[in-house]
Amino acid sequence: MSKLTNIPQIQNFIKYRFLLKELIIRDLKVKYKRSILGVFWTLLNPLFYMVILNLVFSTIFTTNISNFPVYLLCGSLLFGFFSEGTSSAMTSVYSNASLLTKVYIPKYLFPFSKIIFSLVNLFISLVALVVVMLFTDTPFHPTMWWFIIPIVYLFIFSLGIGLLLSCAAVFFRDLTHLYGIVLTALQFLTPLFYPVDILPEYIKPYVEANPIYQAIYMLRQLVLYNQFPTFMQHLNMFIYSLAVILLGLFLFYKKQDRFVLYA
C-alpha cells in the first residue's frame, strides 16, 4: 500500500481529493437548484419511465418477459448511469476552460467528478428498484447483495469512455452532437426492454459482446434469477473495463498539455 502511495499520480490524486469532492457537491447543488422535490426526482424519473414502458408493452405490444418492471429497471438504471456519466464527462474539460487557464487543477478531476456524480445518482435510483420489487412481490434472493459487482465493472468502463470522450471533445466539438446519436442507437441495440433472444442470430453475438449489456445481464442474474455470473462473464468484463480505463488514461495524459490551447 505504501508503494502505491509513492506513485506521483496517486499522490496527486490524494492531494486534490477534496477538490474532487467539491466538484461532485457542486454538480448536486446545480442539478437540484430551485427544485421543490430535489433529489427525489432521481427516484421518480426511473419509476415514471418504468410505468410508461410497462403500460406500452402490456397494452400495445406484448412481451413474454417475466417480471417486466424489474427486468426493465435493471437495464434502464445501468444504461442511464452510463449515458449520463459519459455525456457529462465529455464536456467537462472544455466547459471548465476558465479554471484551467487560471490555476493548476489536475484535468482528469473533471471527467472523474462527472462519472462519480452519476454513480451517486445511480445508488439513489436503486431505491426505486427496491420499491418496484416490493410492489411486484419479487423475491429478494441472496445473490442480489452482490449487485455492486456489475456496477463496479460498468463504473470503470464508463470512466475510461469518459476520459476518451472528454479528451476528444476538446479538439472536436462536433462529437457532443454525434455522441447523442450514438447513445440513441446504443439504447435500442442494448436489450433494455426486450429479450436478447428475439434478435437475429447474426446480430446477437455483437449485442452480447457489448460491455453495457454484459453489466445489465449480470445485474439481472443477481436480482431476478438468483444466479451468480460465470467466471467467463467476470473475465470478459474485467478485460473490457481494464482495457478501456488504461486506454483512456493513456490518451488523456498524452493530450492534456494541449487542452489549454483548444479549450
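# Exercises on an all-helix chain

Of the 263 residues of the protein chain, 46% count as buried. The model is predicted.

## Exercise 1. The overall fold

State how many helices and strands the protein chain has, and how its contacts are spread along the sequence.

Solution.
- Start with the secondary structure: the chain has 13 helices and 0 strands.
- Next, take the contacts with a separation of 6 or more. Residues 24 or more positions apart account for 78% of them.

## Exercise 2. The nonpolar core

Find the largest nonpolar core and the elements that build it.

Solution.
- Count its members: the largest nonpolar core has 71 residues.
- Pick out those with the most contacts inside this core: Val 70, Leu 78, Phe 82, Leu 129 and Leu 154.
- List the elements that give two or more residues to this core: α3 (17-31), α4 (41-59), α5 (68-90), α7, α8 (148-171), α9 (175-189), α11 (211-223) and α12 (231-255).
- Name the main contributor: α5 gives the most, with 13 residues.
- Set this against a general tendency. In soluble globular proteins, nonpolar side chains tend to be buried together.

## Exercise 3. Val 70 and its surroundings

Place Val 70 in the structure and list what it touches beyond its sequence neighbours.

Solution.
- Val 70 lies in helix α5.
- Check its exposure. The relative accessibility of Val 70 is 0%, so it counts as buried.
- Leave out residues up to four places away in sequence. Val 70 then touches Leu 129, Val 132, Met 133, Thr 136, Thr 138, Val 223 and Leu 224.
- Compare sequence and space for one of these partners. Val 70 and Leu 129 are 59 residues apart along the chain, and their C-alpha atoms are separated by 6.8 Å.

## Exercise 4. Ala 128 and Leu 78

Describe the contacts of Ala 128, then those of Leu 78.

Solution.
- Ala 128 belongs to helix α7 (residues 109-135).
- Its relative accessible area is 1%, so Ala 128 is buried.
- Not counting residues up to four places away in sequence, Ala 128 touches Leu 43, Pro 46, Leu 47 and Leu 73.
- Measure from Ala 128 to Val 70: 58 residues in sequence, 9.9 Å in space, C-alpha to C-alpha.
- Turn to Leu 78. With neighbours within four places set aside, Leu 78 is in contact with Leu 122, Ile 151, Leu 154, Ala 215, Ile 216 and Leu 219.

## Exercise 5. Aromatic rings

Classify the pair Phe 82 and Phe 157, then the pair Phe 193 and Tyr 194.

Solution.
- A search of the whole structure gives 7 aromatic pairs.
- For Phe 82 and Phe 157, the centres are 6.0 Å apart and the planes make 25 degrees. Planes under 30 degrees apart count as stacked, and this pair is stacked.
- Locate the two rings. Phe 82 is in helix α5 and Phe 157 in helix α8, so the pair ties together parts that are 75 residues apart in sequence.
- Check burial: Phe 82 has 4% relative accessibility and counts as buried. Phe 157, at 8%, also counts as buried.
- For Phe 193 and Tyr 194, the centres are 5.7 Å apart and the planes stand at 75 degrees, so the pair is edge-to-face. Phe 193 and Tyr 194 are both buried.
- Add the cluster: Tyr 108, Phe 112 and Tyr 253 form one aromatic cluster.

## Exercise 6. Charges over rings

Identify which rings lie under Arg 173 and Arg 220.

Solution.
- Arg 173 lies over the face of Tyr 94, at 4.0 Å from the ring centre.
- The charged end of Arg 220 sits over the ring of Tyr 71, 3.5 Å from its centre.

## Exercise 7. The two sides of α3

Test the length of α3, then sort its buried and exposed residues.

Solution.
- At 1.5 Å a residue, the 15 residues of α3 should span 21 Å. The end C-alpha atoms are 21 Å apart, which agrees.
- The buried residues in α3 include Leu 20, Leu 23, Ile 24 and Asp 27.
- Look down the helix axis. The buried residues of α3 fall within an arc of 95 degrees, so they line one face.
- The face turned away from the buried side carries the exposed residues Phe 18, Lys 21 and Lys 29.

## Exercise 8. Positive phi in loops

Give the phi values of Asp 137 and Asn 226, and place each residue.

Solution.
- Phi of Asp 137 is near 55 degrees, a positive value in a residue other than glycine. Asp 137 lies in the loop between α7 and α8.
- At 68% relative accessibility, Asp 137 counts as exposed.
- Phi of Asn 226 is likewise near 55 degrees. Asn 226 is in the loop between α11 and α12.
- At 39% relative accessibility, Asn 226 counts as partly exposed.

Terms used
Residues are numbered from 1 along each chain as its sequence is written. This is a predicted model: local features need pLDDT of at least 70, side-chain atom pairs count only at pLDDT 80 or more; totals for chains, interfaces and linings use all residues. Side-chain values use heavy atoms; hydrogens and water are left out. Helices (H or I, at least four residues) and strands (E, at least two) are DSSP runs, numbered from the N terminus. Buried means under 20% relative accessible area, exposed over 50%, partly exposed in between (1.4 Å probe, protein chains only). Contact means heavy atoms within 4.5 Å. A nonpolar core is a set of buried Ala, Val, Leu, Ile, Met, Phe, Trp, Tyr and Cys residues joined through side-chain atoms within 4.5 Å. Rings of Phe, Tyr and Trp (its six-membered ring) pair if their centres lie within 6.5 Å; planes under 30 degrees apart count as stacked, over 60 as edge-to-face and the rest as tilted. A charge sits over a ring if NZ of Lys or CZ of Arg is within 6 Å of the ring centre and within 35 degrees of the ring normal. The expected span of a helix is 1.5 Å times one less than its number of residues. The arc is that of the directions from the helix axis to the C-beta atoms.
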